Structure formats: structure tokens, C-alpha cells
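Me: I keep meeting labels in structure descriptions without knowing what earns them. Please take me through some and show the reasoning each time.

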Amino acid sequence: MPLDGRTVVVGVSGGIACYKACELVRLLVGAGARVRAVMTAAAQRFVTPLTFQTLAGQPVATDTFDLTQESEIGHIRLADEADAVAIAPATANVIAKLAAGIADDLLTTVLLATRAPLVLAPAMNVHMWEHPTVQENVARLVARGARVVGPASGSLACGYEGTGRLASPEDVVEEIRHVLTPQDLAGERVLVSAGATQEPIDPVRYLSNRSSGKMGFAVARVARRRGADVTLVVGTTALTPPAGVHTVQVTTGEEMARAVQAAAASATVVVMAAAVADYRPRHPSEHKVKKSARPAALELEPNPDILRRLATRKGRRVLIGFAAETEHVVREARRKLAEKRLDLIVGNDVTAPGAAFGGDTNVVHLIDAAGEEQALPLLSKEEVADRILDWVVAHRSAATRRPTLRRVR
Ligand code: PMT
């Protein structure tokens, strides 16, 4: 995991969004990172160092000229030991100083001294954010390799509506993971589908299934983290779209087929994690069906098989499907792998403990077209996504060799 045991310096500059930086530190620590907070004088007017110190379990650095801090923490040591530096919130002031190379306090000194990748999470009033000077400064920092996450739009603490809110702490964490992850999928265009489709019976009722979208979202997030350009076609889900991923929202299987077909034209890898309804009502009613109408049966017709269609014009694209099963998982997965002419199938026993719809973990078998199979233990859905994408990397880089998985005896 990119955050486990890594040192992340979180620079906190003075804005009302400082309180959200507390959650950022909590999430980073929860993900296994060692967090060193550095606060500007203005930041300490909003939140006390004690809060960050308690959340991080590490001393907080605030003052270059404090003799105790300098001997115990040391601004150059802080700069050197950072695997990544994130500034959240990054005010217009700290952005300007960094762009100009000014180092007049501890945070800006650490920023000049470090060679670690930098993530900026700006937060400020919308007019400040739109000011040409701020935009020019941000562009200069991006040109030097800084990653910018947010700011988001919405109502601002200053009373304005617009762009200027600190990105969500989850999105800042994701950007930090991104800068710490080897970009072994750079250049790949990965298309992922996720979630359930809804097939209308009438304007009120529909046929659907229990997919939450978590498995597909994990694949999209991890592929993007590893450098791919990612498009996510999503059926119904309550999840927030992952940052940095182009998301297309659909409802029915027919809509998903159209969206996947359109995006597949430029994709190098397709991962169908969505649970697409195999059948849909043949004659959905225009109006709500009355209880008194007592329909004897629901007439169904097949939805397009999206993967099968893609396989007919496969080209050099890698096609990966999932097989959600409740019995004979490997046998059924192998059958679908062959029927749909896939490169890899992820057999998913949805009755296994820890593999339920909507959970954060999964238990799967990877089976590839060469017949090689790997039974994975209980893993988080992100770890499962990583294993699938490891297979893709091996497959894509072994231009002449067929990829193989360890044979399970
Ligand atoms: O979303 P979660 O709550 O995290 O749950 C994850 C999951 C269980 C939904 C996921 O891991 C999974 O197994 N997804 C595939 C579910 C499924 O529909 O399996 P299937 O065996 O019915 O379909 C086989 C493959 O064909 C799948 O890749 C499916 O996307 C694809 N398909 C299915 C029907 C159809 N009309 N067109 C398709 O392309």
C-alpha cells in the first residue's frame, strides 16, 4: 500500500478550512502513514497545534526559530524525511510564496528544501481563486510538477457561492496516494463499468440487483492512481465519483451498452465489473401499473450482452469480465471466459464470507485465457483491483509472451 509506513508532511496554512485538515490527518494516520504537521502562524489562529499533534501522534512544527523544535524536529530533516508533502488548505498567500521561492517561515522553508512530490489543496474565496495572479502562480507550480486537487465548488465560508472550497479530505488522500504510486499504467486508457442497471417496469418500479458499485469504483480509482486515463460507466450507485476519473452515468442495460461501446473505441483495457441485468421488461408501462390491474406475468426480453459485443471487434484491447456466482464459481467463470472470449475473468463467489455485495472486501479467482488460475485470499476491493491491474501490466508488457498466473494445485 502506498501510504503504509510512508512519511507525509501536511502543511496547514491559515484559512477556515483548517478544520478539515484535521480529518485529512486522521485519514492519513488511519491508512498507515506517519504524519508530520507543519502549521503557519495564521493556521494556529484557527486550530491549535495540540489538535494536530493528538491526531498525528507526532510533534507539530510551527516555528523555525524555536530552539527546542529545531533540535528535535529540524526543518531540513523534516524536508528530507518526507515521502510526500501536502498543503491543505493552501491559501493564496502560501501559493504565491512558493511560486516566488519565498521562505519566510517554517512551512515555506520546508517547501523549498524538500524534493518530495507536492500536493496542493487550495481553499479561498472564489474571487481570490479566480484572480489572475493566483491562477498564474498555480500554473507555475503545476509546471514544476505540483499536483493540485480542488478547489471544489459550493457555498463558501465567506458567504459566496463558487469555486474555492477545500477538496474533500478523501480526495486529498487519493492525490497523495497517486503521487506515491508507480505509474505503471501510464499511457493506458482504462474503461471500467460499475454498479447495477435498473430496468423499468413502469415509472415507479424496476428490476435491478444488489451491486453497490464498490468493486468497479475500486478498479477505476486504482487504475487512475497507477497512471491510467480512466473512464467509469456507472449504473445506479450511492457512491461519489472518484476524483480524476471521467464518469458517465447511466440507468438501464441498454444505456450502459451504448456508453461502454462509445468509450471502448479508444480504450486499451476494458473491465466490466457492473452487474448488468440480463433481461428487461419487454413492454414497460408508460403509467404506474395499478394494483387492481393484477398483471399475470412480466414479459422479459434480453439486454444486449456488452462484453460479447466488444469481443466481436476486440483488436488489441484487453477484455476483462467478472462472474458473480453462488455455486460452481470456477466452472462458471471458465464458461463465461470462453463464451465471451475474454482475456481474464474474475470469478466472484458472492456467498463467500467477506465477498458480499456492498462490502469493502472480496474473495475472487482470477482465470485467464491461457487457463491459468489464481485463488486470491480475502482482500480489500482495492487490493483485488491491484491484482487485476498487475495482471494487465504483465499482459501489456509481455508483448510476445502470454501472461501466466501461478497455477493453483
Ligand atoms: O458492486 P459491489 O457491491 O462491489 O459488488 C461487486 C460485484 C459482485 C457486482 C462484482 O464483483 C461482480 O461480480 N460483477 C459482475 C456481476 C455480473 O453481472 O456477473 P455476470 O456473471 O452476470 O456477468 C458476466 C460478465 O458479463 C460481467 O463482467 C458483466 O458485467 C458482463 N455482462 C453481463 C450482462 C450483460 N448483458 N452484459 C455484460 O457485459
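What follows is a set of questions about labels, each answered from a value and a cut-off.

Me: What should I know before we start?
Reply: The model is predicted, so local features need pLDDT of at least 70 and side-chain atom pairs count only at pLDDT 80 or more, while totals for chains, interfaces and linings use all residues. Residues are numbered from 1 along each chain as its sequence is written, and side-chain values use heavy atoms, with hydrogens and water left out.

Me: What makes up the secondary structure of the protein chain?
Reply: The chain has 15 helices and 21 strands. Helices (H or I, at least four residues) and strands (E, at least two) are DSSP runs, numbered from the N terminus. The C-alpha atoms fill a box of roughly 80 × 55 × 40 Å along the principal axes.

Me: Why is Glu301 called buried?
Reply: Buried means under 20% relative accessible area, exposed means over 50%, and partly exposed is in between (1.4 Å probe, protein chains only). Glu301 has a relative accessible area of 17%, so it is buried. Glu301 lies in strand β15 (residues 300–302).

Me: Why does His178 count as buried?
Reply: His178 has 8% relative accessibility, and therefore counts as buried. His178 belongs to helix α10 (residues 169–180).

Me: Why is Glu332 put in the buried class?
Reply: Its relative accessibility is 17%, so Glu332 counts as buried. Glu332 is in helix α14 (residues 329–339). The C-alpha atoms of Glu332 and Gly347 are 8.0 Å apart in space, with the two residues 15 apart in sequence.

Me: What makes helix α7 mostly covered?
Reply: Six of the eight residues in α7 (residues 106–113) are buried. They are Leu106, Leu107, Thr108, Thr109, Val110 and Leu111. For the protein chain, buried residues make up 50% of its 409 residues.

Me: Which labels do His328 and Arg341 get for accessibility?
Reply: His328 has a relative accessible area of 43%, so it is partly exposed. Arg341 has 51%, so it is exposed. His328 lies in the loop between β16 and α14, and Arg341 in the loop between α14 and β17 (344–349).

Me: What is notable about phi in His328 and Arg341?
Reply: Most residues other than glycine have a negative phi, and most peptide bonds are trans. Phi of His328 is near 45°, a positive value in a residue other than glycine. Phi of Arg341 is near 50°, also positive in a residue other than glycine.

Me: Which peptide bonds before Pro89 and Pro151 do we have, cis or trans?
Reply: The bond from Ala88 to Pro89 is cis, with omega near -5°. The bond from Gly150 to Pro151 is cis as well, with omega near 0°. Pro89 is in strand β3 (residues 84–90), whereas Pro151 is in the loop between β5 (147–148) and β6 (152–155).

Me: How do you know that the side chain of Glu301 makes a polar contact with the side chain of Arg282?
Reply: A polar contact is a pair of N or O atoms within 3.5 Å; within protein, one must be able to donate a hydrogen and the other to accept it, and residues adjacent in sequence count only if both atoms are side-chain atoms. The side chains of Glu301 and Arg282 make such a contact at 3.3 Å. The side chain of His178 reaches the backbone oxygen of Arg224 at 3.4 Å.

Me: Which distances link Ser211, Ile306 and Lys214 to the ligand?
Reply: A polar side-chain atom of Ser211 is 2.7 Å from a ligand oxygen. A backbone N or O atom of Ile306 lies 3.1 Å from a ligand nitrogen. For Lys214, a polar backbone atom is 3.4 Å from a ligand oxygen.

Me: What puts a residue in the shell around the ligand, and which classes are there?
Reply: A residue is near a molecule if one of its heavy atoms lies within 4 Å of it. For the ligand, 27 residues surround it, and Ser211, Ser212, Ala274, Lys336 and Asn348 are the closest. The shell has 14 nonpolar, seven polar and six charged residues. Ala, Val, Leu, Ile, Met, Phe, Trp, Tyr, Cys and Pro count as nonpolar, Asp, Glu, Lys and Arg as charged, and the others, Gly among them, as polar. β16 gives the most to this shell, with four residues.
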